[in-house]
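Open your viewer and keep the sequence panel in sight. This tour goes from the whole chain down to single residues, one selection at a time.

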Amino acid sequence: MDKEAAARTTSEVAKDHISAVLGGDPKQMAADYAANAILERGGVAYDGIHQIQAYFQTVPDRLGDAEIFFDKLTVEGEQAVFHWRLLGNSLEVSGKDVLIIRNGEITHQVVLLNAEDF
């Protein structure tokens, strides 16, 4: 991690992550995670940056034609929470993500789905 990354605030990291997801680039989606980060989603834990990168490689295909909408972002200290919706021809899913951000990197993320996984 460089000094510039460490200086980013919780809000900046969360907004960068949301922008990366909206941009659809799996490499950018994983760029804000610490080397030893954990991402929990749908009962599965992705442990470490390599597993998280592999997970994000699957996202574009799983989204298909769906469009993602981010609703509310709330930041308190090291925690950022945002709500999202996916809307497409064959997909309508919503949920929220809870991020823990330390030293300018996501160290832990929990994705809570309001329906079955997609």
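How many helices and strands are there in the protein? Turn on the cartoon and count: you should find four helices and six strands. Following the chain from its N terminus, the order is α-α-α-β-β-α-β-β-β-β.

**Colour by confidence**

This is a predicted model, so colour by pLDDT before going further. The average over the protein is 90, and 93% of the residues score at least 70. Select residues 3-6, helix α1, to see the element with the lowest mean pLDDT, 62. Then move to residues 33-41, strand β1, where the mean is the highest, 97.

**Step back for the overall form**

Show only the C-alpha atoms, which fill a box of roughly 45 × 30 × 25 Å along the principal axes. The radius of gyration is 14 Å, which agrees with the value near 13 Å for a compact globule of 118 residues. Now switch on the surface: its accessible area is about 6,700 Å², and 48% of that belongs to carbon and sulfur atoms. Beneath it, buried residues make up 40% of the 118.

**Into the nonpolar core**

Nonpolar side chains tend to be buried together in soluble globular proteins. Here the largest nonpolar core holds 30 residues. Select Y33, L39, I52, F56, L86, L99 and I101 and show their side chains; these touch the most other members. Two or more core residues come from each of α2 (10-23), α3 (26-30), β1, α4 (49-63), β4 (79-87), β5 (92-102) and β6 (105-113). Which element gives the largest share? That is α4, with six residues.

Pause on L99 and display its surroundings. Leaving out neighbours within four places in sequence, L99 contacts A14, E78, Q79, A80, F82, I106, H108 and Q109.

**Along helix α4**

Select α4 next. Its 15 residues reach 21 Å from the first C-alpha to the last, close to the 21 Å expected at 1.5 Å a residue. Which residues of α4 are buried? Highlight I49, I52, Y55, F56, V59 and L63. In an α-helix, residues three or four places apart point the same way, because there are 3.6 residues a turn. To see what the buried residues of α4 pack against, bring up α2, α3, β1, β2 (44-47) and β4. Just after the helix, click on G64, which takes a positive phi of about 55°.

**The other end of α4: G48**

Now select G48, in the loop between β2 and α4. Is G48 buried or exposed? With a relative accessibility of 12%, G48 counts as buried, because the cut-off is under 20%. Setting aside residues up to four places away in sequence, G48 touches A35, N36 and A37. Draw a C-alpha to C-alpha distance from G48 to D32: the two are 12 Å apart in space and 16 residues apart in sequence.

**Last stop: H17**

Finish in helix α2, where you will find H17. The relative accessible area of H17 is 2%, so this histidine is buried. What does H17 touch, not counting residues up to four places away in sequence? Show M29, D32, Y33, F56, F82, I106 and Q109 to see its contacts. Among them, Y33 and F56 should be familiar from the core selection.

Terms used: Residues are numbered from 1 along each chain as its sequence is written. This is a predicted model: local features need pLDDT of at least 70, side-chain atom pairs count only at pLDDT 80 or more; totals for chains, interfaces and linings use all residues. Side-chain values use heavy atoms; hydrogens and water are left out. pLDDT is the predictor's confidence in each residue, from 0 to 100. A nonpolar core is a set of buried Ala, Val, Leu, Ile, Met, Phe, Trp, Tyr and Cys residues joined through side-chain atoms within 4.5 Å. Buried means under 20% relative accessible area, exposed over 50%, partly exposed in between (1.4 Å probe, protein chains only). Contact means heavy atoms within 4.5 Å. The expected span of a helix is 1.5 Å times one less than its number of residues. The radius of gyration is taken over C-alpha atoms; the globule rule is 2.2 Å times the number of residues to the power 0.38. Accessible areas come from the Shrake-Rupley method with a 1.4 Å probe; for residues, only the protein chains shown count as cover.
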